[in-house]
Amino acid sequence: QVQLAESGGGSVQPGGSLTLSCEVSGNTYGNNLRGWFRQAPGKEREAIAAIYTDSDSPYYADSAKGRFTIAQANARDKVYLHLNRLTSEDTAMYYCAAGPGGSHILEKEGFKFWGQGTQVTVSS
């Protein structure tokens, strides 16, 4: 089992920034893909970004390119998501995930373990 715990969410004004953190623990062997997803009320959970623990190579959904950045600690026990130039469309519950990966790097089925989420609310 892999345990994931998100933190850093909160309320921010449009145009502002936030950094989300995810603490990773447990048996991570074989689960070398880490990612961030989000889910707004009434919508499906969507991928934001993913990163490999070995290569440290990031991948982004089109909606995240240019505004969001994924990163991880050298020890691979923490994963970060930097959110910039936020708008009301970014309001959602943000989830950290880990897994072996699937046929597509941002495919939800490739992430077997999930955190409980941290809420991001963007409003004036």
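Which side chain meets that of Asp90 in a salt bridge? In this predicted model, the partner of Asp90 is Arg67, with a nitrogen-to-oxygen distance of 2.8 Å. Asp90 is located in the loop that runs between strand S8 (78–83) and strand S9 (92–99), and Arg67 in the loop between strand S6 (58–60) and strand S7 (68–72), so the contact ties together parts of the chain that are 23 residues apart in sequence. Asp90 is buried, its relative accessible area being 1%. Arg67 has a relative accessibility of 16% and therefore also counts as buried, the limit for this class being under 20%. The pair belongs to a wider arrangement, as salt bridges with shared partners join Arg38, Glu46, Arg67 and Asp90 into one network.

Within this network, the side chains of Arg38 and Glu46 form a salt bridge at 2.8 Å, again taken from N to O. Arg38 is buried, at 9% relative accessible area, whereas Glu46 is partly exposed, at 33%. A further salt bridge is found between Lys65 and Asp62, where the N to O distance is 3.2 Å. Both of these residues lie on the accessible side of the classification: Lys65 is exposed with a relative accessible area of 52%, and Asp62 is exposed at 65%. In total, five salt bridges are counted in the model. In general terms, side chains of opposite charge can pair when their charged atoms come close.

Aromatic contacts were examined next. A search of the whole structure yields four aromatic pairs. One of them is formed by Tyr52 and Tyr59, whose ring centres are separated by 6.0 Å and whose planes stand at 90° to each other, an edge-to-face geometry. As to solvent accessibility, Tyr52 is partly exposed, with a relative accessible area of 28%, and Tyr59 is likewise partly exposed, at 36%. Elsewhere, ring pairs link Phe37, Phe111 and Trp114 into a cluster.

Trp114 also takes part in a contact with a charged side chain, since the charged end of Arg45 sits over its ring at 5.0 Å from the centre. Arg45 additionally lies over the face of Tyr95, where the distance from the ring centre is 3.7 Å. Arg45 is thus placed over the rings of both Tyr95 and Trp114. Through Trp114, this arrangement involves a member of the aromatic cluster that contains Phe37 and Phe111.

The backbone was considered last. Most residues other than glycine have a negative phi. Asp56 has a positive phi, near 65°, and is not a glycine. Asp56 is placed in the loop between strand S5 (46–52) and S6, and it is partly exposed, with a relative accessible area of 36%. Arg85 is a further non-glycine residue with a positive phi, in this case of about 45°. The position of Arg85 is in the loop between S8 and S9, and Asp90, the partner of Arg67, is located in the loop between these strands as well.

How values were computed:
Residues are numbered from 1 along each chain as its sequence is written. This is a predicted model: local features need pLDDT of at least 70, side-chain atom pairs count only at pLDDT 80 or more; totals for chains, interfaces and linings use all residues. Side-chain values use heavy atoms; hydrogens and water are left out. Rings of Phe, Tyr and Trp (its six-membered ring) pair if their centres lie within 6.5 Å; planes under 30 degrees apart count as stacked, over 60 as edge-to-face and the rest as tilted. Buried means under 20% relative accessible area, exposed over 50%, partly exposed in between (1.4 Å probe, protein chains only). A charge sits over a ring if NZ of Lys or CZ of Arg is within 6 Å of the ring centre and within 35 degrees of the ring normal. A salt bridge is a side-chain nitrogen of Lys or Arg within 4 Å of a carboxyl oxygen of Asp or Glu. Helices (H or I, at least four residues) and strands (E, at least two) are DSSP runs, numbered from the N terminus.
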